[in-house]
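Reader: Please take a close look at a single part of this model. Then work outwards from there.

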Amino acid sequence: MPDRPLLLPLLDAALERRGRLEPADVESAAREARLPLAQAWEAVNFYPRYSEQKGKVRFLLVDDPVARARDWRELNNELEAAGRASGHEVATVFSQGLEALSPALVVADGADWRVFAPIRMADLRALALGKLPPQELQALPERLAGNQGWLFEDTEPPDFPGAAALIEAARSADLRGLGGAFYPVWRKLAAVRVQPEKEKYVIVNGDESEPGNFKDRWLMEHNPRLVWAGAALAARAVGATEVFFYVRGEYTAALARVEAAREELEASGYFEELATHTFRGGGLYICGEESALLESIEGRRAEPRLKPPYPAEAGLFGKPTLVNNAEALAHLALLAAHGAAAYKRRKPKLFSISGDVERPGVYELSLGTPLKSALESAGADTNRLAAVLLGGAAGTFLKIPDALDLPLDLSTPQLSGDSLGPGALVAFERGRDLWSVVEGITAFFASESCGKCFPCSLGAPHLHAAALRRERGPILDELFLTLEAGSLCGLGQAAPWALRSLLQRFEEVGS
Ligand SMILES: Cc1cc2nc3c(=O)[nH]c(=O)nc-3n(C[C@H](O)[C@H](O)[C@H](O)COP(=O)(O)O)c2cc1C
Ligand code: SF4
């Protein structure tokens with residue numbers, strides 16, 4: 001452990017004990033974490049779950065691109081009726097990694113959430129009579145693994161091949177980061193390895209909160225050992241002493257399974273001297289931005305840091321830190337297990353495929369697979385499709401059939417913003433309401449903007465207002481540019497891409 005306890009776990013323990021936070025809990029957590037009281041209050045006010053109170057039941061309809069494109073308005077109306085009839089508050093909550101089972105409902109009792117998916121209109125009607133929907137969900141069901149693949153195999157964790165060999169394997173296999181930016185993994189490993197400090201950290205980024213994506217959720221719930229193995233190998237390669245596995249705060253099943261896998265590997269001696277921690281994320285999209293994530297572990301508001309310095313030089317507690325996506329670290333374990341040559345032949349990548357396909361789920365496909373084959377592997381009838389949201393909320397709409405031959409790899413995008421991102425494909429048949437999808441996406445960015453820089457904190461709400469007005473025309477270009485070029489981090493930079501691609505590629509969508 002670092003030399004001071006960590007604020008968020010202390011607050012979580014108090015919240016769990018009492019069902020709500022009292023000022024005395026915040027004071028005692030601040031004292032124990034050796035942080036100024038004002039900083040502890042800042043954190044409490046920043047992270048939403050610390051304002052929750054047990055005994056206050058709310059019905060939350062999950063706002064994700066799949067639900068948005070379908071009968072979103074009707075679902076909302078029905079939910080409001082249920083709220084009026086039962087006296088419970090109703091609201092919406094952004095994507096919970098449930099697009100493959102959408103639409104979904106959360107019944108929240110303070111910070112304790114029960115998730116139901118998929119729900120039908122009749123379930124919402126029954127809710128008004130005090131009956132909960134029958135399909136309660138703890139974790140993503142096994143059947144959502146759409147095919148077979150290395151990433152679905154829970155095999156024995158591989159031996160450490162040595163730092164030089166592992167870094168060379170990552171280089172020769174061209175293993176990239178898989179949180180969306182595709183930075184070469186070997187470069188980060190090498191950059192942290194050469195730092196002279198004794199204390200170094202490895203962070204597994206399992207914060208996955210971008211609507212449309214659920215492949216990390218799958219991995220954390222169903223194969224967390226593979227991710228831990230990759231993290232431990234990375235830690236040995238860079239000379240790190242500690243690993244933090246940062247799991248999205250709302251993914252409670254993933255948290256439990258990641259922790260169980262940690263305990264198992266710890267007991268087996270796999271971690272040797274390495275200290276390992278499962279860390280519950282703050283519950284906001286911005287927590288996944290790597291430097292904001294570090295701030296949240298340190299007990300501050302999750303606001304991105306100015307870079308440089310990059311985490312590889314000065315990361316957690318100012319020490320050299322390797323931050324990689326959960327799937328990327330799982331790939332490092334695959335590389336150690338199978339060797340670079342076999343890995344390169346296969347080029348595995350997880351995709352979250354949802355929307356208008358017969359078998360939505362998580363698929364392992366080879367990088368370079370054409371979009372059409374990827375959609376067909378999930379049972380899509382591509383003749384009926386009009387659009388695919390590529391990457392997720394921070395992605396772009398591709399027009400179908402124009403884009404069907406597009407290889408799903410890291411190649412040059414056609415429009416700025418065209419990118420695999422973390423690997424989401426959301427398919428929409430003709431007649432789906434793409435404007436409603438964009439309304440949801442822009443609402444997401446406006447709500448999740450952390451407020452640190454003006455282009456995003458002011459621009460994202462304007463963008464959402466423009467989407468609600470279904471606005472078009474050159475005036476929007478300035479707003480797009482302000483967000484894309486002026487925002488401090490990827491959240492604001494990517495916010496306009498979905499709307500802009502809709503306007504550029506779908507002239508026919510109604511205004
Ligand atoms: C707003 C925002 C949210 C992000 N969320 C995640 C996330 O949940 N998981 C993730 O791996 N990367 C996320 N990233 C990217 C990280 O900042 C970082 O690039 C990544 O963790 C590095 O790992 P990789 O090289 O394996 O992709 C996010 C970036 C931004 C701007
Ligand atoms: S771009 Fe948005 S999320 Fe990122 S630092 Fe600025 S205000 Fe915060």
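Author: From one loop to the ligands

Asn147 sits in the loop that links strand S5 (136-137) to helix H7 (163-172). Helices (H or I, at least four residues) and strands (E, at least two) are DSSP runs, numbered from the N terminus. This is a predicted model, in which local features need pLDDT of at least 70, side-chain atom pairs count only at pLDDT 80 or more, and totals for chains, interfaces and linings use all residues. Residues are numbered from 1 along each chain as its sequence is written, while chains are lettered from A and ligands numbered from 1 in the order in which they are written.

Asn147 counts as partly exposed because it has 13 C-beta neighbours inside 10 Å. The scale is simple: 20 or more other C-beta atoms within 10 Å means buried, 12 or fewer means exposed, and partly exposed lies in between, with C-beta atoms placed from the backbone. Leaving out residues up to four places away in sequence, Asn147 touches Tyr363, Glu364 and Ser377. Contact here means C-beta atoms, placed from the backbone, within 7 Å. Asn147 and Tyr363 are 216 residues apart along the chain, yet 5.8 Å separate their C-alpha atoms.

Next, the domains. The chain is divided into domain 1 (7-51), domain 2 (57-137), domain 3 (150-343), domain 4 (347-429) and domain 5 (434-505). These bounds come from an automatic or database domain assignment. The centres of domain 1 and domain 2, taken over C-alpha atoms, are 29 Å apart.

Now strand S7. It is largely enclosed by the rest of the structure, because 6 of its 6 residues are buried. Glu242, Phe244 and Tyr246 point one way; Val243, Phe245 and Val247 point the other. S7 pairs with S6 in the parallel sense over 6 bridges. S7 and S8 also pair in the parallel sense, over 6 bridges. Pairing requires at least two DSSP bridges between two strands. Gly206 has Val247 of S7 as its bridge partner. Glu242 has Ala275 of S8.

Helix H12 (residues 290-297) is mostly covered, with 8 of its 8 residues buried. Its buried residues pack against helix H1 (7-18) and strands S6 (201-206), S7 (242-247), S8 (275-280) and S9 (321-325). Just after H12, Gly299 takes a positive phi of about 90 degrees.

The largest nonpolar core has 171 residues; Ala170, Ala231, Ala234, Leu332 and Val388 touch the most other members. Helix H10 (residues 224-238) gives this core its largest share, 11 residues. Such a core is a set of buried Ala, Val, Leu, Ile, Met, Phe, Trp, Tyr and Cys residues joined through C-beta atoms within 7 Å.

Last, the ligands. Of the 22 residues around ligand 1, Gly177, Gly179, Gly288, Asn325 and Gly490 come nearest. S9 and H19 are the elements that give two or more residues to this shell. S9 gives the most, with 3 residues. Domain 3 and domain 5 each supply at least three residues to the shell around ligand 1. Near means a C-beta atom, placed from the backbone, within 6 Å.

Ligand 2 has 14 residues around it, and Cys450, Cys453, Cys456, Cys489 and Gly492 come nearest. Helices H17 (454-468) and H19 (490-494) each supply at least two residues of that shell.

Terms used:
Contact = placed C-beta atoms within 7 Å.
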